[in-house]
Amino acid sequence: MTRPPHGLRYSDVTPRQVYLNRRRFLAAGAASAGSLELPSARGTTRLNSLVKTPYNVGNETLTSHEIVTTYNNFYEFGTGKDDPAQNAPRWKLDPAWKVRIEGEVIEPKTLDLDQILKLAPLEERIYRHRCVEGWSIVVPWVGFSLSALLKQAEPTGKAKYVEFESYYNSRQMLSSRAAGIQFPYVEGLRLDEAMHPLALLAVGLYGETLPNQNGAPLRLVLPWKYGFKSIKSITRIRFTAKQPDTTWGIAWPQAYGFYSNVNPQKDHPNHSQREEIRLGMGFLGQRRVTLLFNGYTEVADLYRGMDLRKFY
Ligand SMILES: Nc1nc2c(c(=O)[nH]1)N[C@H]1C(S)=C(S)[C@@H](COP(=O)(O)O)O[C@H]1N2
Ligand SMILES: [Mo]
């Protein structure tokens, strides 16, 4: 069993029932690394043999499993913070989920989940995670660098950006009109941002596959950017020559720029970005000073010479 760093055991940070379920799976001598064969009562599956990585925030308390999985945004399942946890679990994931890689590539490719899970060892990475609305959390994600997937494609010389598209099915999800944003949800990165080792392709959290509301079966996690860049439930990846449109950028370009790096010097039109509330720390959460790039200064080289208030 992998353990979170700084001496915490999962039983310290995980609701008791989740922990007991996990113990039961282990006792049953269950799932092998990267396999998706052992569903729990919650529909998630334990992921074993996670490798240690240097991508861990040191001494910050993990946000509880409860908060991470019940307070978030996933507009396809409702615009309230508790809507995704209410509505997404009913969503039946296609067991034959595929990701299409296309666009400015020598040859388009389609990979299924098993193929993707075999691309690299699964790591547990503890990241700070920041929503543009002002809250932050600390999450033990499971996955590996997005670059491992992107390397499966051979981009043409024209490829400068990568576009991502979420699954969308109007029968199981909100209409664009009801949600107020365009579906399928789309996001984008510059190619060098997408290839940065910190950019995570996540398939799990807290040692189990992703709950639907957190973006099952696979999603991005970009800890130096605001949360909306971390697109969920990806089905399509397209290499492009031009900067892709993004769902929130289409909805309100003055508020949601293409880069959207966490930046305390660049306010949202409606509110300051200088401070954030860390969820789960006391009754009202804990007020914290927001750091440039959410503290992930290793990405600074990607933006050398750029005016980050202009390219927000
Ligand atoms: N497809 C899709 N991805 C999405 C969203 C969404 O509405 N649809 N919301 C984003 C926003 S605004 C945030 S803050 C995070 C929240 O979920 P998480 O806590 O699981 O990262 O998901 C992001 N990814
Ligand atoms: Mo967000």
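**Loops, core and hollows of the chain**

P217 sits in the loop that runs between strand 8 (208-209) and strand 9 (219-221), strands being DSSP runs of E with at least two residues and helices runs of H or I with at least four, numbered from the N terminus. This is a predicted model, where local features need pLDDT of at least 70, side-chain atom pairs count only at pLDDT 80 or more, and totals for chains, interfaces and linings use all residues. Residues are numbered from 1 along each chain as its sequence is written, chains are lettered from A and ligands numbered from 1 in the order in which they are written, and side-chain values use heavy atoms, with hydrogens and water left out.

The bond leading into P217, from A216, is a cis peptide with omega near -5°. Another cis bond links F183 to P184, with omega about -5°; P184 belongs to the loop between helix 7 (176-179) and strand 6 (186-190). Most residues other than glycine have a negative phi, and most peptide bonds are trans. Y206, in the loop between strand 7 (200-205) and strand 8, goes the other way with a positive phi of about 45°. Y206 is also buried, at 0% relative accessibility (buried is under 20% relative accessible area, exposed over 50%, partly exposed in between, with a 1.4 Å probe and protein chains only). S233 has a positive phi of about 45° too, and its relative accessible area is 0%.

Overall, the chain has nine helices and 12 strands, and 54% of its 312 residues are buried. The largest nonpolar core (buried Ala, Val, Leu, Ile, Met, Phe, Trp, Tyr and Cys residues joined through side-chain atoms within 4.5 Å) takes in 83 residues, with W141, W224 and F239 among those making the most contacts inside it. Strand 4 is the biggest contributor to this core, giving seven residues. Beyond its neighbours within four places in sequence, W224 touches residues including E193, N261, F293 and Y303, contact meaning heavy atoms within 4.5 Å.

As for hollows, the second largest pocket has a volume of about 440 Å³. Its lining counts 26 residues, with N73, Y185, G227, F228 and K232 nearest the centre. On a 1 Å grid over the protein atoms alone, a pocket is an open set of points with protein on both sides within 12 Å along at least five of seven lines, a cavity is a set where a 1.4 Å probe fits but cannot get out, and lining residues have an atom within 4 Å of a point. Grid points are joined across faces, edges and corners, and a volume is the space filled by probe spheres set on them. The largest cavity comes to about 150 Å³.
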